[in-house]
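I opened the model to look up a few things and wrote down each as I found it. The entries follow in the order of looking.

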Amino acid sequence: MLEEGVKALIKKWIGKRLHIKLFTNARGLGYVQRSDGTYQARMFGLGMNGCADQIGWREVVVTQDMVGRKIAQFVAFEVKKDDKAKVSPEQLHFIEVVRDAGGCASVIYGPDPRHQIDRALFMASRGVAVK
């Protein structure tokens, strides 16, 4: 299964959960034509190098000592087609930065991402990083 197929499965799986919102973070390089006819390279996408493929948030009800209100916890999943696909140092760094800030971040491998997503969300709710 290609990475795009894994992303489609994640979208379907997450779509059933109203408390989680994920968006595709397409990143790359495009070219814009200037008025003089030349082209200029422009980066597109969100975040620093290594920013995850799927980013968003999930609603979390905080504990009583935090007034019992909902907050949005940042969620980032770097999607790979299978466990043989390489994760770049920049991608690993981004995941670490998100986790250190209290977010939920993980590499999700195909072909069946459902249990990995559930584990990442469960562990993040307990403050444990999933390796």
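**Helix crossing.** I looked first at how α1 and α3 cross, and the crossing is right-handed. I use the term as follows: a crossing is left-handed if the near helix is turned anticlockwise from the far one by less than a right angle, and right-handed if clockwise. The model is predicted, so local features need pLDDT of at least 70 and side-chain atom pairs count only at pLDDT 80 or more, whereas totals for chains, interfaces and linings use all residues. Residues are numbered from 1 along each chain as its sequence is written, and side-chain values use heavy atoms, with hydrogens and water left out.

Two packed helices are described by the angle between their axes and the distance between the axes. For α1 and α3 (residues 114-125) I noted an angle of about 55 degrees and axes 10 Å apart. Axes here are lines fitted to C-alpha atoms, for helices over the stretch in contact, and angles run from 0 to 180 degrees between N-to-C directions. Angles under 35 degrees count as roughly parallel, over 145 as roughly antiparallel, 65 to 115 as roughly perpendicular and the rest as oblique. The pair α1 and α3 is therefore oblique.

Which residues meet between the two helices? From α1 I listed Ile-10, Trp-13 and Ile-14, and from α3 Arg-114, Ile-117 and Asp-118. Contact means heavy atoms within 4.5 Å.

**Overall layout.** I counted 3 helices and 6 strands in the chain. Helices (H or I, at least four residues) and strands (E, at least two) are DSSP runs, numbered from the N terminus. Their order along the sequence is α-β-β-β-β-β-α-β-α. The C-alpha trace spans about 60 × 35 × 30 Å along its principal axes. Of contacts between residues at least 6 apart in sequence, 54% join residues at least 24 apart. I also noted that 32% of the 131 residues count as buried; buried means under 20% relative accessible area, exposed over 50%, and partly exposed in between (1.4 Å probe, protein chains only).

**Cis peptide.** I checked the bond from Gly-110 to Pro-111 and found it cis, with omega near 10 degrees. Pro-111 sits in the loop between β6 (104-109) and α3.

**Salt bridges.** How many salt bridges does a search of the whole structure find? The search gave 5, a salt bridge being a side-chain nitrogen of Lys or Arg within 4 Å of a carboxyl oxygen of Asp or Glu.

I began with Arg-114 and Asp-112, whose closest N and O atoms are 2.9 Å apart. Arg-114 is partly exposed at 36% relative accessibility, and Asp-112 is partly exposed at 34%. Elsewhere, salt bridges with shared partners join Glu-3, Glu-4 and Lys-7 into one network.

Within that network I looked up Glu-3 and Lys-7, which form a salt bridge at 3.4 Å, N to O. Both residues lie in helix α1 (residues 3-15), 4 residues apart, about one turn of the helix. Glu-3 is partly exposed at 25% relative accessible area, whereas Lys-7 is buried at 13%.

What does Lys-7 touch, leaving aside its neighbours within four places in sequence? I found Asp-53, Gln-54 and Val-79 in contact with Lys-7.

I then turned to Glu-59 and Lys-70, a salt bridge with its closest N and O atoms 3.1 Å apart. This pair links distant parts of the chain, with Glu-59 in strand β4 (residues 54-61) and Lys-70 in strand β5 (residues 70-80), 11 residues apart. Glu-59 is partly exposed at 38% relative accessibility, and Lys-70 is exposed at 54%.

**Cysteines.** I searched for disulfides and found 0. A disulfide is a covalent bond between the sulfur atoms of two cysteines; the criterion is a pair of cysteine sulfur atoms within 2.5 Å. Why is Cys-51 not bonded to Cys-104? The Cys-104 sulfur is the closest cysteine sulfur to that of Cys-51, but at 14 Å it is too far for a bond. I noted both residues as buried: Cys-51 has a relative accessible area of 8%, and Cys-104 has 1% relative accessibility.
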